[in-house]
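Please look over the chain below with its charged side chains and its loop in mind. The briefing that follows is grouped by topic and concerns a predicted model.

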Amino acid sequence: MNGVSMHNSHLADEITAWRRHLHQNPELDFDVHETTRFVAEKLASFGINHIEMGALA
């Protein structure tokens with residue numbers, strides 16, 4: 001397996017783990033504090049530090 005394929009395979013496995021985590025810890029009725037925290041942490045790990053949270057009306 002070449003380097004790109006190995007990287008993509010690892011990324012696909014990681015994204016699958018994120019999806020499984022979110023589905024194993026559901027939050028209902030727009031009360032999504034843990035989901036918001038999880039996504040914000042993932043974005044910060046990619047260097048995205050300016051994150052605005054909340055719904056736009």
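R37 counts as partly exposed, because its relative accessibility of 36% lies between the limits of 20% for buried and 50% for exposed. In this predicted model, R37 forms a salt bridge with E34 and another salt bridge with E41. The points below take up these contacts, then the helix that carries them, the loop before that helix, and the chain as a whole.

**Salt bridges**

- Side chains of opposite charge can pair when their charged atoms come close.
- Between E34 and R37, the closest N and O atoms are 2.9 Å apart, and the two residues both lie in helix α2, three residues apart, which is about one turn of the helix.
- Between R37 and E41, the closest N and O atoms are 3.0 Å apart, and this pair also lies in helix α2, with a separation of four residues, again about one turn of the helix.
- Through the partners that these salt bridges share, E34, R37 and E41 are joined into one network.
- With side-chain nitrogen and carboxyl oxygen required to be within 4 Å, the count of salt bridges comes to two.
- E34 is partly exposed because its relative accessibility is 46%, and E41 is likewise partly exposed because its value is 45%, each figure falling between the 20% and 50% limits.

**Helix α2 and the residue after it**

- Helix α2 covers residues 33-45, and its 13 residues should span 18 Å at 1.5 Å a residue, so the distance of 18 Å between its end C-alpha atoms agrees with the expectation.
- The expected span is obtained by multiplying 1.5 Å by one less than the number of residues.
- Just after α2, G47 takes a positive phi of about 90 degrees.

**The loop between α1 and α2**

- D29 is found in the loop that runs between α1 (3-24) and α2, and its phi is near 55 degrees, a positive value in a residue other than glycine.
- With a relative accessible area of 74%, D29 is exposed, because the cut-off for that class is over 50%.
- F30 is also found in the loop between α1 and α2, and its phi, near 65 degrees, is likewise a positive value in a residue other than glycine.
- Is F30 buried or exposed? F30 is exposed, because its relative accessible area is 85% and the class begins over 50%.

**The chain as a whole**

- The secondary structure of the chain comes to two helices and zero strands.
- Of the 57 residues in the chain, 5% are buried, a class that requires a relative accessible area under 20%.
- The chain exposes about 5,200 Å², and carbon and sulfur atoms supply 59% of that area.

Definitions and conventions:
Residues are numbered from 1 along each chain as its sequence is written. This is a predicted model: local features need pLDDT of at least 70, side-chain atom pairs count only at pLDDT 80 or more; totals for chains, interfaces and linings use all residues. Side-chain values use heavy atoms; hydrogens and water are left out. Buried means under 20% relative accessible area, exposed over 50%, partly exposed in between (1.4 Å probe, protein chains only). Accessible areas come from the Shrake-Rupley method with a 1.4 Å probe; for residues, only the protein chains shown count as cover.
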